[in-house]
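User: I am new to this structure and would like a close look at a single part of it. Could you take one strand, describe its surroundings, and then follow the charged side chains that lead away from there?

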Amino acid sequence: MPATSIDRFEIRLSGLGGQGILTLGRILGQALALEHGYHVAQTQSYGPEARGGASRADVVVSSRPISYPKPVNLDLLVALSQEACNLYYRDLKAEGLLLVDADMVPQPPTNRFCALPFTALAREKLGNAQAMNIVCLGALVHVLPMLSLKAVKATLPAVLPPKIVELNLKAVELGHARAKKQYPDIAKQWTFSSPTTTASMP
């Protein structure tokens, strides 16, 4: 039984092909389902250009069986490119949370958002910009009270090739620590009351 009861919580992870959006969605969904016991529906989409084209992964989470697997009113939008932010911001509910890569999204469409430098952290602290998706995942561990660091660490080896697991364990810890430092109270601001989930921006 999940520790936090959730009627329905909708997450969209978005960016460009090559940023690891689909891998991010897979790890997030697997951790929530297999490690925490939630019902999870995950769908994904990417443009015909593949690398460099639009990419997204949607994750719907609930404590109960999910009747409709696709998101209709996002609680959380993660945008790792300006294009994705512009395209999907309209799907975020008024009280939802927008989380962006501070360098990749220089012009958020609203003044109500949270920004962390996922790409810069991965490049400067880990020496590998491609780990930015897992740095983002670490931030989500802090942002989402239903997701634990232990569950994500247990899921990484099941999804990623063995040779990059160690790097990504460091990446998830890096993202978690940075989000905790910059937005210490953000996880406390979610309200999982039925039928609407809301968040207040810090």
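Analyst: What follows starts with one strand and its pairing, and then turns to the salt bridges. Please keep in mind throughout that this is a predicted model.

The strand to begin with is β1, which spans residues 9-16. Strand β1 is mostly covered, since 7 of its 8 residues are buried. It pairs with two other strands, and the sense of the pairing is given for each. With strand β3, residues 54-62, the pairing is antiparallel and extends over 8 bridges; within that pairing, L16 of β1 has A54 of β3 as its bridge partner. With strand β4, residues 74-79, strand β1 runs parallel, and 4 bridges join the two. In that second pairing, S14 stands opposite A79 of β4.

The charged side chains come next, and the structure holds 7 salt bridges. One of them joins E10 to R8, with the closest N and O atoms 2.7 Å apart. The two partners differ in how they are covered: E10 has a relative accessible area of 2% and therefore counts as buried, whereas R8, with a relative accessible area of 25%, is partly exposed.

A second salt bridge brings together the side chains of R56 and D58, with an N to O distance of 3.2 Å. Here R56 counts as partly exposed because its relative accessibility is 24%, while D58, with a relative accessible area of 2%, is buried. The cut-off that separates these cases is 20%, as buried means a relative accessible area under that value. R56 and D58 also belong to a wider arrangement, for R12, R56, D58 and D91 are linked in a network of salt bridges.

For a view beyond the strands, consider the salt bridge in which the side chains of K153 and E173 meet, 2.4 Å from N to O. This pair links distant parts of the chain, with K153 in helix α5 (residues 149-159) and E173 in helix α6 (residues 165-182), 20 residues apart. Each of these two partners falls in the partly exposed class: K153 because its relative accessibility is 28%, and E173 because its relative accessible area is 39%.

To return to the starting point, strand β1 is mostly covered, with an antiparallel pairing to β3 and a parallel one to β4.

How values were computed
Residues are numbered from 1 along each chain as its sequence is written. This is a predicted model: local features need pLDDT of at least 70, side-chain atom pairs count only at pLDDT 80 or more; totals for chains, interfaces and linings use all residues. Side-chain values use heavy atoms; hydrogens and water are left out. Buried means under 20% relative accessible area, exposed over 50%, partly exposed in between (1.4 Å probe, protein chains only). Two strands pair if DSSP finds at least two bridges between them. A salt bridge is a side-chain nitrogen of Lys or Arg within 4 Å of a carboxyl oxygen of Asp or Glu.
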